[in-house]
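Q: I have a new model open and want to learn how to read it. Where do we begin?

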Amino acid sequence: MTGEGSEKDRTGLDYEALSRRYAEERTKRLRPDAVRQYQALEGEFAGFDADPNASQNFRRDPVEREADVLVIGGGYGGLLTAAQLRKRGVDGIVMVEKGSDFGGTWYWNRYPGVRCDVESYIYVPLLEETGFVPSERYAKGAEIQQQCRLIAEKFDLYRGALFQTIAQRLTWSDADRRWLATTDRGDRISARFVVAATGLYSSPKLPGIPGIEAFEGPSFHTSRWDYDFTGGSADGDLAGLHDKTVGIIGTGSTGIQCVPPVARSAKHLYLFQRTPASVDVRGNRPTDVEWFRSQQPGWQHERMLNFTQWTSGLPQAVDMVADSMTDLFREKSLAAGVEMSPEERERAEIAKMERVRQRVDAIVKDRQTAEALKPYFHYFCKRPGFSDNYLQVFNRSNVTLVDTAGKGVEEVTPKGLVVAGREYDLDCIIYATGFDFMTSFTRESGLSIEGRGGRSLEEKWSNGAHTLYGMQTRDFPNFFVLSIVQAGTSINYLHTADAQSRYMAELIDHCLRNELATVEPTQEAEDEWVEQCVALSADRLAFFEKCTPSYFNFEGARPRAFELNSPYGGGPLAYFGALEEEIHRRFAGSLEFGG
Ligand code: NDP
C-alpha cells in the first residue's frame with residue numbers, strides 16, 4: 001500500500017491492519033476438504049430432499065411426447081426462455097419440473113422471512129407483460145412465486161408441463177437429429193432442442209458434520225422448511241416453536257432472513273455461526289403504485305440496465321435503484337465521474353465494510369456478541385446481506401449467538417450440537433447451509449447427457465466447462481444451458497437470464513423458421529471463448545484467492561475448474577453486447593448449422 005500513513009489520516013482506516021486481519025480470518029477458515037466438507041441430499045440423506053409442498057403419493061403413468069423444445073426447469077430461467085419462445089410463435093414446448101408447480105428457487109425456498117434481496121422492480125421479470133405490481137420494494141417469496149405462475153398462465157406453459165418429474169438422461173441421436181429425454185417417471189420425450197434451466201441454487205447441501213444422521217428431533221434444510229413442525233407460514237408466527245429450543249446453522253443470505261421470525265417464535269434460538277455475514281440497511285417499503293403505474297414502456301429494462309451499469313462500476317447520470325447495493329459505487333463514482341480503478345474499488349469495499357461493522361456496534365448491545373457479529377473480509381467475497389431486523393434479534397433474551405470462531409459446528413449428537421466441547425440441547429436443527437454452486441453442472445443438475453457419438457458431457461467438462469457464451473457446447477447440438485458459468489452476470493441474475501433467454505429463443509426460432517436441423521458452436525468459436533474466459537478470469541481469481549472461503553471461491557481451494565467454472569470476466573455488459581451482436585449478425589460465424 002502506498003502512502004499508508006496519509007491514507008489512514010484521510011479516511012481514518014488503517015488499510016494495512018485491516019488487510020492483515022482479513023488474511024488471518026481467511027486462514028482460520030481454510031480447510032483441506034474445501035467443497036468436500038459438504039454433502040448432497042441423497043443416499044442416507046435423501047429424506048432431507050422430500051418436497052414438503054407436494055403430495056408424496058402423486059402417481060401417474062409414463063408419457064411419450066414429441067416437442068420442438070424441451071425445457072428442463074420451471075424457475076425463472078426456464079419460464080423466461082419458454083415465454084420468449086412463445087412470443088416468437090413456438091408452440092411445441094414441453095416443460096419438466098421437479099416441484100409440483102412453477103417457481104424454481106421461489107417454489108422451494110418458502111422459509112419464514114424469504115424475500116428477494118434485489119429490488120423487485122428490476123428482479124421480477126416481465127412486469128410490463130404480466131401487469132404484475134410487486135407490493136413492496138423487496139418482494140416476499142410467495143408473491144414472486146405467484147408471479148412465476150402468472151407468467152406460465154400468460155404464455156400457456158401449464159399446457160403439457162410435467163410436474164413432480166425429474167429429467168434424468170438426455171441422449172442425442174445424429175440419425176434423428178433429436179434428443180431423447182427420459183425421466184424418473186419413465187417418460188420418453190423426443191425433442192429437437194433442449195434447454196437445461198436447472199437453476200443456480202437448486203442443489204441444497206448439508207455440512208458434513210459427524211453425527212447428522214443421529215439427531216433424534218426434526219431437522220431440515222431451509223429450502224425444505226417443515227411447517228408441519230414449526231407451524232405458521234413464511235410470514236412467521238411459528239406457533240409450533242413456542243415451547244421449542246431451536247438451533248440454526250448458517251448465517252448467509254438465507255440465515256439472516258429466517259433468523260428474525262424464528263427468534264420471535266421460539267422459546268430459545270441458538271444461532272451457530274462460522275462466519276458473520278455483512279448486514280447492511282434494507283429500507284424496504286410498500287410500492288408507490290402511482291409511481292409504478294406512471295412508468296413509460298421499456299422502463300423495466302432501462303432500470304435493470306442502470307443497476308447493472310452502476311454495480312459494474314460504470315457511473316451514470318442517475319442511480320435509479322439507489323439502494324445499499326449501488327451506494328458503494330455511487331459515492332466514489334459520482335465523485336470521480338469515471339469508472340473506478342481496481343484499487344479505488346478495493347478501498348471503497350473496505351470502507352463499506354467498516355460502516356457495516358459500525359452498524360453492528362450501533363445496534364447490538366452486548367459487546368462480546370457485537371464483536372463476534374462483525375465481518376472481516378472484502379465486501380464482495382460473499383453475497384452482501386441486508387436486513388433491518390437481523391442484528392436486532394441479538395438484543396433478545398431468548399437468542400444466543402454461538403460463535404464457532406471460524407471452525408463450524410463440531411458434532412451432531414442425538415440431542416443437539418457440539419461447539420468447543422459443549423453440547424447444546426435442541427428440539428430441532430435447521431440447516432441454512434446453502435447450495436452446491438458452479439462446481440459441476442452435471443452433478444448440480446442431476447442430468448446424464450450423451451451427445452454426438454455417445455460423448456458424455458460430464459466427461460467433456462470433467463476439468464471445467466467448455467462453452468460458447470456459457471450456453472452451448474460442441475458435440476452437443478441443439479442443447480442449451482442457462483447458468484452463469486462462462487456468462488457475464490449482473491448482481492441481478494435476472495438481467496442475465498433475460499439476455500440469455502432472448503438469445504436462445506432467437507436462435508431456436510431462427511433454426512425452426514429456416515429448417516436448420518442442428519446448431520452447435522464451431523470448435524474455433526468455443527476455444528476462443530474459453531480462452532477469453534480464462535484470460536479474463538485472472539483478476540477475479542486473484543481477488544477470490546484473498547477471500548475468506550465460500551461457495552464463490554470453492555471454499556478457498558483452487559482447482560483448475562475454478563478458472564473455467566467462473567462467470568465471464570469481461571462483465572455483464574460486454575457479455576450482453578456479444579449476445580446482441582450475434583442476434584444482429586443472424587448468428588453467422590461462431591455457430592455451425594446442419595440442414
Ligand atoms: P450460503 O452458502 O451463503 O451460506 C451457508 C452458511 O452456512 C454460511 O454461513 C456457512 O458458513 C454456514 N455453514 C456451513 N457449514 C457450516 C458448519 N459446519 N458450521 C457452521 N456453519 C456452517 O447459503 P445461503 O442459503 O444463505 O445463500 C445461498 C445463496 O442464495 C446466496 O448467496 C444468494 O445468492 C441466494 N439467496 C438469495 C436470496 C434473495 O433474496 N434473492 C435469499 C437467500 C439466498 P461460512 O460462511 O463460514 O461458510
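**Reading the ligand site and the cores**

A: Start with one atom pair at the ligand. A backbone N or O atom of A432 is 3.4 Å away from an oxygen atom of the ligand. Keep in mind that this is a predicted model.

Q: How much of the ligand's accessible area does the protein cover?

A: On its own, the ligand has 920 Å² of accessible area, and the protein covers 91% of it.

Q: Which other polar contacts does the ligand make, at R115 and T254?

A: Look for pairs of N or O atoms within 3.5 Å. At R115, a polar backbone atom sits 2.5 Å from an oxygen atom of the ligand. At T254, the partner is an N or O atom in the side chain, 2.6 Å from a ligand oxygen.

Q: Which residues come nearest to the ligand?

A: The ligand has 26 residues around it. R115, D117, T275, K382 and Y551 come nearest.

Q: What kinds of residue make up that shell, and which element gives the largest share?

A: Sort the shell by residue type. Eleven residues are nonpolar, ten are polar and five are charged. Then sort by element. Helix α9 (residues 253–265) gives the largest share, three residues.

Q: Now the cores. Which residues touch the most other members of the largest nonpolar core?

A: A core is a set of buried nonpolar residues joined through their side chains. The largest one here has 156 residues, and L70, L170, I248, F479 and Y503 touch the most other members. Helix α17 (residues 493–513) contributes the most to this core, eleven residues.

Q: What is I248 in contact with, beyond its neighbours within four places in sequence?

A: Its partners are C258, V259, V262, L269, Y270, L271, F272, I430 and A432. You met A432 before: its backbone has an N or O atom 3.4 Å from a ligand oxygen.

Q: Is V360 buried or exposed?

A: Compare its relative accessibility with the cut-off: buried means under 20%. V360 has 2%, so it counts as buried. V360 belongs to helix α13 (residues 342–363). Not counting residues up to four places away in sequence, V360 touches A370, L373, K374 and L391.

Q: And T522: where is it, and is it buried or exposed?

A: T522 lies in the loop between β20 (518–521) and α18 (523–536). Its relative accessibility is 11%, so T522 counts as buried too. Beyond its neighbours within four places in sequence, T522 is in contact with R474, G589, S590, L591 and E592.

Note on methods: Residues are numbered from 1 along each chain as its sequence is written. This is a predicted model: local features need pLDDT of at least 70, side-chain atom pairs count only at pLDDT 80 or more; totals for chains, interfaces and linings use all residues. Side-chain values use heavy atoms; hydrogens and water are left out. A residue is near a molecule or strand if one of its heavy atoms lies within 4 Å of it. A polar contact is a pair of N or O atoms within 3.5 Å; within protein, one must be able to donate a hydrogen and the other to accept it, and residues adjacent in sequence count only if both atoms are side-chain atoms. Accessible areas come from the Shrake-Rupley method with a 1.4 Å probe; for residues, only the protein chains shown count as cover. Helices (H or I, at least four residues) and strands (E, at least two) are DSSP runs, numbered from the N terminus. Ala, Val, Leu, Ile, Met, Phe, Trp, Tyr, Cys and Pro count as nonpolar, Asp, Glu, Lys and Arg as charged, and the others, Gly among them, as polar. A nonpolar core is a set of buried Ala, Val, Leu, Ile, Met, Phe, Trp, Tyr and Cys residues joined through side-chain atoms within 4.5 Å. Buried means under 20% relative accessible area, exposed over 50%, partly exposed in between (1.4 Å probe, protein chains only). Contact means heavy atoms within 4.5 Å.
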